[in-house]
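Let us walk through this structure step by step, beginning with a single residue and widening the view from there.

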Amino acid sequence: MRRRPAVLLVLLAPALALLGGCGIGDTAPAPAGSPAAGLRDPGVRPANAVHVYFSSPLGLERVSRLARTAGSPQLALERLREGPDEAERARGLVTFVPRGAPAPTVTGGRRGTVDVLVPAGWGTGRTALRQLVCTVADAVGTADGLPTGGVEVRLRRAAGGPTDTRRCAPAPGSPESTGSRAPAGTGSPAP
């Protein structure tokens, strides 16, 4: 008869183990390394960066460019004129800005508005103009604390000529929504 309690104990031990827990130990905090580093707020960028807009199969894509000084609309236009770098081209980014064309010149503006003189030879392609408008609107918006789509860009083709007023239209994935895209236009990429 002594065998019965031993057999019962052998049979009950696994059942008691199952009832006693599911294998989860202490839930106290465990060391996981140093805290995350980088930009603390995704909407804030360092003062020495500017954003430029290049075309991709999905639309315009905003990329960052480092600068030695605080970003300005004119500096952003200079960086736009440089075109995508090798890594960006490998990701499918292109520019419709004519190669070798002089950069447009920021001629003035006030809060939420910027005036830009577009040089001859810069072309009138829709995507090149959208790249220009979004690039300069992003720089002005950052300086003025406005969304990119909230900046009015007044383009002039010649001194004293008519003004064409545009905005960088927010779209799914644009800076105003989740990140960096706006619809693409038509045209062909610069070689």
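In this predicted model, Pro119 has a relative accessible area of 18%, and because buried means under 20%, Pro119 counts as buried. Its place is in the loop between β4 and α4. Leaving aside neighbours within four places in sequence, Pro119 is in contact with Pro102, Ala103, Pro104 and Arg157. The last of these, Arg157, is 38 residues away from Pro119 in sequence, yet the two C-alpha atoms are 6.4 Å apart in space.

Trp122 also touches Pro102 and Pro104, and its list of contacts, not counting residues up to four places away in sequence, further includes Val97, Pro98, Ala101, Ala128, Leu129 and Leu132. Trp122 leads on to the largest nonpolar core, which has 27 residues and in which Trp122 is among those with the most contacts, together with Val114, Val116, Leu132, Val136, Val153 and Leu155. Two or more residues of this core come from each of β1 (49-56), β2 (59-66), α2 (73-82), β4 (113-117), α4 (126-144) and β5 (152-156), and α4 gives the most, with eight residues. Apart from this core lies another, of five residues, including Val50, Ala67, Ala76 and Ala139.

For the chain as a whole, four helices and seven strands are found, and along the sequence they follow the pattern α-β-β-α-α-β-β-α-β-β-β. Of the contacts between residues at least 6 apart in sequence, 58% join residues at least 24 apart. Buried residues make up 34% of the 191 residues, while the accessible surface comes to about 11,700 Å², with 59% of that area belonging to carbon and sulfur atoms.

Technical notes:
Residues numbered from 1 in each chain as written. Predicted model: local features only at pLDDT ≥ 70, side-chain atom pairs only at ≥ 80, totals over all residues. Heavy atoms only, no water. Core = buried A, V, L, I, M, F, W, Y, C linked by side-chain atoms within 4.5 Å. Buried < 20%, exposed > 50% of the residue type's maximum accessible area, 1.4 Å probe, protein only. Contact = heavy atoms within 4.5 Å. Areas by Shrake-Rupley, 256 points an atom, 1.4 Å probe, with all protein chains shown as cover.
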